[in-house]
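Student: I should like to learn how to read the features of a structural model in order. May we go through one together, beginning with a single residue?

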Amino acid sequence: MATTSSGLRPALRGERQRISQQQQGLVHGGNSLTRSLNNGQNSLRSKDTTKPLPSPPPRRSVTPNSRSLSRDFDDDNDPGRVRVAVRLRPRNAEDLSEADFADCVELHPELKRLKLRKNNWNSESYRFDEVFTETASQKRVYEVVAKPVVESVLSGYNGTVMAYGQTGTGKTFTLGKLGKVDASERGIMVRAVEDIVANISLASDTVEVSYLQLYMEYIQDLLAPEKTNIPINEDPKTGEVSLPGAVTVKVRDLDHFLQLLQIGEANRHAANTKLNTESSRSHAILMVYIRRSVPEIVEDDINSQNMKAKGNFPLVRKSKLLIVDLAGSERLDKSGSEGILLEEAKFINLSLTSLGKCINALAENSPHVPTRDSKLTRLLRDSFGGSARTSLIITIGPSSRHHAETTSTIMFGQRAMKIVNMVKLKEEFDYESLCRKLETQVDHLTAEIDREQKLREKEKYDLQKQLQDCHDSLNETRKNLVTKSEFLEKENTRLELDLKEILAEFNCQRDQNSLLQDKIADLEMSLKQNKQHQLESSTYQKVLADTTQMYEKKIAELIKQLEVERANSGSVQEQLDAMKKLSGDHQKLIQQHEMEKSKYQKALADTTQMYEKKLMELTKQSEDEHTRFEGAQEQLDLANMLLTDYQNSMQGQEEASELRLKLEEMYRLHESTVYELQSLKAELKDQIQEKEAICEKLNDVQEKLSAEEKRRKTIEQELINLKKCTPECDKDFEDKKSYMKENTRGTSAFGTSASFNKSVGLQKIIQLLTSEDSDVQIHAVKVIANLAAEDANQETIVEEGGLDALLTMLRSSQNATILRVASGAIANLAMNEMNQGLIVSKGGAQLLAKTASETDDPQTLRMVAGALANLCGNEKLHAMLKEDGGIKALLGMVRSGNSDVVAQVARGLANFAKCESRAIVKGHHKGRSLLMEDCALEWLIANCNIASASTRRHVELALCHLAQNEDNAKDFLPSGGLQELQRISMESSREDIRDLAKKMLKSNTVFQSDMHLGWH
């Protein structure tokens, strides 16, 4: 809320008055909270019974996202109304032991109503959205209370699931139960994340978690415990709350989330009170951030009208789920809180009171909602009166002994049901995904262009090489063609000359054949003339017939040969006719010249042989001519082929020109692609500049927030200074009571510690510790002890050398009062974790052990035991405490027999065992417990039945935590520790301790085998 413009000083004075009033109201623990809630209940009852006054005109709320529920909250159609369910815890051993107290509530789950009994004859009925009995399962509670919220979160809306109720009523069981042994006992946290992981795609969606606790108005990261004061940032425009210093872990699967949840639970502050053994001392907040990409086609009614405006840009839905496990409200007279537990209870009740005021303001439609009174209300600003869908489950107990707390819890739920939130869908452009997509596309296009450019260069090189080869082959072909054409021209010239010679020879042969034909004709005539002489001699006729027959055969053969060769030469027939004529003439010459017969026969034989040779030569020439003709034909075919190749090479040149054109087109395409790439790079550069401008704006906002934070710290420092000036509280740490009593006895000399500190100064008080006057030292150490009881003074005391002075007094002083008060001051300083390491490193544990061994004063021993017990609560110092003899000295102080000393010893052993078991769970410690070497187990077993209930509870807790380490099992068996664990699991007065003992018996395999052998 904005401050008024009347100046800073009036605002500071009003703030100081309000804080002082809250401190006075919180002095008595939760009593004021219970009285205020009872007054609220009575006021509501008076409004119901009296006649209603005319309602004033409605006023508009300052919160923009909230609106009043003007109608009855029975209407379940409004999704923005806060849904409230009530769950009744089963009766435990304490409830069963209280025979004088009957159940104060009566459930009607079928009517969704609850009756609260005021007495035996009067009761009031309240209606809720759901009523769960003590037998309701964890699954049903989740499906009714949390599953609708989880489904809304998966759809893009913010959601909150919160548990509210008295301490010990089952809030942490309902929300944060891990359910390792039995999966049916899993709480809302595990089931919600299981549903979320099952309904998203881990490839495109992300789930991140942060686990925080609000402890004494400091926000601490449970996943990174070193972050103890995380600031809260609020967007001045949207009012959205963020924690920039918190660790966010991306969830891989359900097992990974269970590991994170186990780490967070181990780091959460818890303590043992009368109402609960493991009472949460902080508000735990699990933040689940979901980022889901929206599909391209969206049919959501809310966004369908805006899809045209959004275009094709990718959308993302960011939603947040808060699961809040509030610390339980408690009354100090019932919880028994004291010391640091008292301070924790103050801050718990203060934050719950601020939350109740905000709920009342929203329910009554008040114009002012005090969300800035507490960090809890600032964190839950969106859950009540904001834009989140909220489900609240309130837990109550059945016992009438807690009637006031049950009534205030029910009225808190009734007021919360009147709140209506304005549920909003958070959907925005996915600029990061779009930027990454564009960068990927640019890289892909760049790589594609480089690849295509290299491919084109390679193709260009190959084409140039092919073109060069074509040119070379074309030139060579041209040379070959020229050479072959010249050869063919010469060959044609030679063939033409040969043809002319053959024609001339053929003509000559034709003329010779004509002469032979003439001679043959003459011979035929002579043969006709010689027929008359055939009768002259039979012998001559016989010889002539044989000769004629022989020549006829030869002539027939020649005729056949001439017919075969007639196609190649037309003169063969004429030669045969000439032969016939020559034969006839020869016959005539034989008839006329019988005497010259032998001569003509010889001449005929010679002539026949000559013509046979001529015919053979002509046949051979004809064959040679045919062979030459075929060779010429082959050369002509080769010439045609070369001519065809030349034409093809001309076509190759045309293809090369076409390839050049294609290369030019590809080059132009490359230039256009480069231009587009440059334009994309320019757009990317513009987007980067816009992003840098946004980052500068964010830095300016962060600087403004840091300035506001410095201003707030200045105001807080002034408030702390005011607190220092206020008188000491009556109910402080148990060890401080004695200091105050002793200090009042010395008031005449130095006055109160606050006034003394204001008038003298802390540095001068610390200097008085070294005074030689013992009375001055006593009064000075008392003032330091009282100042050390306040957290705000501890850092200053250590910085000014107060711790060193106290250790020096333990080392050198022999005065019993100084030793007692100095030990108490060190015990007060040891409540701070930062001071614990300094005390041990400066030898404080050795000095405390030495003081314990040299004195028998019960009060001094109680202070020393309290200091060592506080040091035992830091697992990092266990080994050093062991080496310095702190554990041995702690066990040695039981010799006094004083109940207060024994109680501090039991508390120290319980703290040591609890921290050691936590270190084993985290994996920081292995092996046998350090307490076993100093016979701590035997002392714990011997004092299990001690009369003091608180001491017995510490002893039982120490045994249970020691049993968690399996390496200690061998020591439990011979010493009777197993039997004591079995007895604790059945007879302990605390139900949670019985459950813890049963769990240890079931989980330890050595115990199981020993009990199995015992049964057989």
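Student: Does Asn-365 count as buried or exposed, and at what relative accessibility?

Tutor: Please bear in mind throughout that this is a predicted model. Buried means under 20% relative accessible area. Asn-365 has 19% relative accessibility, and therefore counts as buried. For the protein as a whole, 43% of the 1016 residues count as buried.

Student: Where does Asn-365 lie, and what is its phi?

Tutor: The general idea comes before the case. Most residues other than glycine have a negative phi. Asn-365 is not a glycine, yet its phi is positive, at about 55°. The residue lies in the loop that links helix 10 (340-363) and helix 11 (375-379).

Student: Which residue in the loop between strand 8 and strand 9 has a positive phi?

Tutor: Two may be named here. In this hairpin, which has 2 residues between the strands, Met-216 takes a positive phi near 55°. Glu-217 is found in the loop between strand 8 and strand 9, and its phi is near 65°, again a positive value in a residue other than glycine.

Student: How many bridges pair the two strands of that hairpin, and in what sense?

Tutor: Strand 8 (residues 206-215) pairs with strand 9 (residues 218-221) over 4 bridges, in the antiparallel sense. Tyr-215 stands opposite Tyr-218 of strand 9.

Student: How does the pairing continue from strand 8 to strand 15, and from there to strand 16?

Tutor: One may follow the bridges from strand to strand. Strand 8 is joined to strand 15 (residues 283-294) by 9 bridges, and the two run antiparallel. Val-209 has Val-288 in strand 15 as its bridge partner. Strand 15 is in turn joined to strand 16 (residues 315-325) by 11 bridges, also in an antiparallel arrangement. There Ala-284 has Asp-325 in strand 16 as its bridge partner.

Student: What is the order of the strands in the open sheet of 3 strands, and which are its edge strands?

Tutor: The order is 3-4-5, with antiparallel pairing. Strand 3 (105-108) and strand 5 (123-127) are the edge strands, each pairing on one side only. From one strand to the next, the twist averages 20°. Strand 3 and strand 4 (residues 113-117) pair over 4 bridges in the antiparallel sense, and Val-105 stands opposite Leu-116 in strand 4.

Student: Which helix lies across strand 3, strand 4 and strand 5?

Tutor: Helix 12 (residues 403-416) lies across these three strands and runs at about 145° to strand 4.

Student: How should one describe the packing of two helices, with helix 21 and helix 24 as the case?

Tutor: Two packed helices are described by the angle between their axes and the distance between the axes. The axes of helix 21 (residues 774-788) and helix 24 (residues 816-829) come within 9 Å and cross at roughly 20°. That angle makes helix 21 roughly parallel to helix 24. The crossing is left-handed. Residues in the contact include Ile-778, Val-781 and Ala-785 of helix 21, and Ile-818, Val-821 and Ala-825 of helix 24. By class, this contact has 9 nonpolar, 4 polar and 1 charged residues.

Student: What do the same descriptors give for helix 26 and helix 27?

Tutor: The axes of helix 26 and helix 27 (residues 858-872) come within 10 Å and cross at roughly 150°. Helix 26 and helix 27 are therefore roughly antiparallel to each other, and helix 26 passes helix 27 in a left-handed crossing. On the side of helix 26, Leu-848, Thr-851 and Ala-852 take part; they meet Thr-860, Leu-861, Val-864, Ala-867, Leu-868 and Leu-871 in helix 27. The residues of this contact comprise 7 nonpolar, 2 polar and no charged.

Student: Which residues of helix 23 are buried, and against which helices do they pack?

Tutor: In helix 23 (residues 802-812), the buried residues are Gly-802, Leu-803, Ala-805, Leu-806, Leu-807, Met-809 and Leu-810. They pack against helix 20 (762-768), helix 21, helix 22 (791-799), helix 24, helix 25 (833-841) and helix 26 (844-854).

Student: How many helices and strands does the protein have?

Tutor: The protein has 36 helices and 19 strands. Among contacts between residues at least 6 apart in sequence, 75% join residues at least 24 apart.

Methods
Residues numbered from 1 in each chain as written. Predicted model: local features only at pLDDT ≥ 70, side-chain atom pairs only at ≥ 80, totals over all residues. Heavy atoms only, no water. Axes fitted to C-alpha atoms, helices over the stretch in contact; angles between N-to-C directions. Parallel < 35°, antiparallel > 145°, perpendicular 65-115°, else oblique. Left-handed = near helix turned anticlockwise from the far one by under 90°. Contact = heavy atoms within 4.5 Å. Nonpolar A, V, L, I, M, F, W, Y, C, P; charged D, E, K, R; others polar. Pairing = 2+ DSSP bridges. Buried < 20%, exposed > 50% of the residue type's maximum accessible area, 1.4 Å probe, protein only.
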